[in-house]
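Visitor: Could you take me through this protein, explaining the reasoning as we go?

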Amino acid sequence: MTVKEQIKLKPGGIIDQAYQFSERMHRGQKRKSGDPYFNHALAAANNIADWNLDEQTIVAALLHDTVEDTEVTLQDIKNKFGEEVAFLVDGVTKISKIKYRGTLSQVENLRKMLLALSEDIRVILIKLADRLHNMQTLKHVSPQKQKRIALETMEIYSPIAYRLGMQQLAGELEDLAFPFIYPKEFEWLNKEIKDEFTKRTKYLERVHKTLLKELGGNNLRPVFIDFRAKRYASLYKKLLRYDMDISKIYDLVALRVVMKDISECYSALGIVHKLWPPMPGRIKDYIAMPKPNGYKSLHTTVICLDGIVTEIQIRTKEMHEESENGIAAHWNYEQSKGGKAYTEGKASFANKKEMQWVEQLRNWQKEFTNSDEFIDSFKIDFLRDRIFVISPKGEVFDLPVGATPVDFAYQIHSDIGNACSGARINGKIVPLDHQLQSGNVVEILTQKNKKPSSSWLNFVKTSSAKDKIKSALKDSTSLIHIAPKETQFKIVATDRVGLIKDITVIISRAHINIISVNSQANAPSSQFHAIKIICEHTSKDQAEKLAMKIKKLKGVKELNFKFT
Ligand code: MN
C-alpha cells in the first residue's frame with residue numbers, strides 16, 4: 001500500500017500529518033532534476049511502505065531530510081511525532097554524514113560502523129529506501145558525485161541489503177550503480193546480451209510448457225513459474241570468471257518454479273531430473289543448507305530441450321518472498337500471523353528469534369566479537385562495545401568504547417602514537433583523554449621528537465596502546481642514562497662574595513635545574529676564578545638568554561656554554 005493509500009484509510013493520522021509537515025517544510029526546495037524536494041521524501045516513504053514496515057518508520061522516512069535540509073529541529077520532530085520517530089530521523093541524519101571515500105580495504109568496517117551508528121535496523125532500512133531513490137535519479141547530479149555515490153552504493157549499501165536478506169534490493173542497487181562505475185563495460189554488455197536475452201526467454205517459454213504438463217501429470221500444481229533474467233552487475237562479475245564467454249552462463253535467464261510447500265519442491269525437482277539429466281555437481285540444496293544470508297531454494301542445472309544447458313530454481317512462495325525482501329518479508333509474515341501491531345507505540349520484536357536475518361546478523365557478530373549473546377530485538381547491540389572512527393583519509397578504525405585519540409594514534413602506527421601531541425575531532429581540538437564516538441573523524445597532531453607521557457597510561461583503553469607507551473617510556477629513560485643531555489656554563493670572573501648565588505638565582509628563575517656548581521681559582525694567588533655550572537639540558541635560545549643575563553653581573557669577564 002502506498003503512502004497516499006494509507007493516508008486515505010486514516011485521514012488526519014500520523015502519516016497524514018507527517019506528509020503535510022514534510023511537504024510544507026520542503027516547499028520551494030528543488031532536486032537537481034527540477035522535481036520538488038518533497039517527491040524524494042515521499043519516494044523513500046513509499047519504498048518503506050512497500051516493504052511493509054510500520055507507521056513510525058514510514059513517518060520517519062517522510063521526515064528523513066527535514067532536520068538536515070530545513071529549519072526543523074530534532075526537538076520539533078520529538079514534540080510533533082514522538083520520541084521513536086525522532087530517534088529514527090536522528091539515526092538517518094547521523095549515518096548520512098558518513099561518506100565512503102574509496103578505501104576498499106576498509107569497506108567491511110565501514111558497513112559495521114553504519115550498523116553500529118544506526119542502533120536500530122529500521123534506521124538502515126530508511127537509509128536504503130533513501131538510497132534507492134537517489135540511485136534512481138542519479139543521472140541528474142554531477143559526474144563526480146555520480147561516481148562517488150555509485151561506488152558507495154556498490155561497496156556499502158548493496159552488501160548491507162544483501163546481508164539483511166533483501167536480495168531484490170541488493171541486486172537493484174548494484175544494477176543502478178553499475179553503469180556509473182563501469183560505463184564502457186555496461187555498454188558492451190548491453191549490446192552483447194540483448195539478442196541472447198530474447199532468444200533464451202523464447203526458449204524458456206517452451207521449457208515452461210513442457211514442465212507444466214509433466215508436473216500436472218504428477219498431480220503437482222506450481223503456484224507460478226516465471227523467468228528471471230540475470231542482473232547486469234552480477235552477470236558481469238560472473239563473466240569475468242568465465243572468460244567473458246556468454247555461452248557458459250547457464251543462468252542468464254533462469255526458470256523459477258514456485259511450489260506450495262517444501263515436499264512439493266523436492267517432488268518437482270525429481271520430475272525435472274526425470275525429464276532432463278542434471279549436470280553433475282550443479283544441484284544445490286539451499287533448503288537443507290541455506291546461504292549465510294538466509295537464502296533458501298533448490299537450484300539445478302539440466303541439459304534441457306534441444307540439449308541446451310539451463311538453470312532451474314525451485315522454492316516455496318514464502319522462500320520466494322523472503323529472498324526478495326528479506327527482513328521485511330519476515331515482518332510482514334509476523335504481522336499476518338497476528339503478532340503485535342507495530343503501529344501502536346513502541347514496536348515489539350519479541351517473537352523474532354527464529355528469524356533468519358537475526359541468525360545471519362548473529363553470525364556476523366560471531367565472526368566479529370566471539371560473543372555468544374543472542375540478539376533478540378531490532379536493536380543493533382552486538383556492536384555496542386565497539387566504536388568506529390574515521391581517519392581524515394577515510395579509513396575506518398574499529399576501537400573499544402571509551403577509546404581516546406591516543407588509542408587511535410597507536411592503532412595507526414606506534415610512531416604516530418609516540419609522537420602524538422594533540423587531536424582534532426571533526427576539525428575541533430580535543431584533549432588527548434577525550435572519549436571518541438562512532439563516526440568521529442579523528443586527526444592526530446604530531447610533534448617531532450615527542451615522547452609519550454606516562455600519564456597516558458591512566459586513560460588509554462587498548463592494551464596495545466598501553467604496551468607501546470610502556471616500551472617507549474623504557475627506551476627514553478635508558479637513553480638518558482647512556483647519553484645524558486646537559487648544558488654546561490663556563491664562567492671566568494673576579495671573585496667576590498655572593499657571585500655564585502647571583503648566577504644560580506638567574507638560572508633557577510628560568511626554572512632550570514642546576515646539577516652541579518664548581519668554582520676554583522685559576523692559579524693560587526690569582527684574583528680570577530673559573531666557575532663551572534652544569535644544569536639540565538636547555539635549548540640554545542634559553543642558554544643564550546641566560547648567558548646574556550649572567551654576563552651583566554658584576555665581576556663576570558668571560559662566559560661560554562656547551563651542550564654535553
Ligand atoms: Mn534523502
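The conversation below turns to the metal site, the salt bridges and the nonpolar core.

Guide: This is a predicted model, in which local features need pLDDT of at least 70 and side-chain atom pairs count only at pLDDT 80 or more, while totals for chains, interfaces and linings use all residues. Residues are numbered from 1 along each chain as its sequence is written, and side-chain values use heavy atoms, with hydrogens and water left out.

Visitor: Which residues are the protein donors of the manganese ion?

Guide: Donors are N, O and S atoms within 2.8 Å of the metal (3.2 Å for Na, K and Ca), and since water is not among the atoms, sites may look incomplete. Along the chain the donors of the manganese ion follow the spacing H-x23-H-D-x64-D. Lying 2.0 to 2.2 Å from the ion, they are His40 (NE2), His64 (NE2), Asp65 (OD) and Asp130 (OD).

Visitor: How many residues apart in sequence are the parts that Asp65 and Asp130 tie together?

Guide: Helices (H or I, at least four residues) and strands (E, at least two) are DSSP runs, numbered from the N terminus. Asp65 lies in the loop between helix H4 (55-62) and helix H5 (66-69), whereas Asp130 lies in helix H9, so the parts tied together by this pair are apart in sequence by 65 residues.

Visitor: Is Glu152, the partner of Arg131 in a salt bridge, buried or exposed?

Guide: A salt bridge is a side-chain nitrogen of Lys or Arg within 4 Å of a carboxyl oxygen of Asp or Glu, and Arg131 and Glu152 meet in one at 2.6 Å, N to O. The pair links distant parts of the chain, with Arg131 in helix H9 and Glu152 in helix H10 (residues 143-163). Buried means under 20% relative accessible area, exposed over 50% and partly exposed in between (1.4 Å probe, protein chains only). Because its relative accessibility is 3%, Glu152 counts as buried.

Visitor: Which helix gives the most to the largest nonpolar core?

Guide: A nonpolar core is a set of buried Ala, Val, Leu, Ile, Met, Phe, Trp, Tyr and Cys residues joined through side-chain atoms within 4.5 Å. The largest one has 104 residues, of which Val3, Leu128 and Ile314 touch the most other members. With nine residues, the element that gives the most to this core is helix H9 (residues 121-136).
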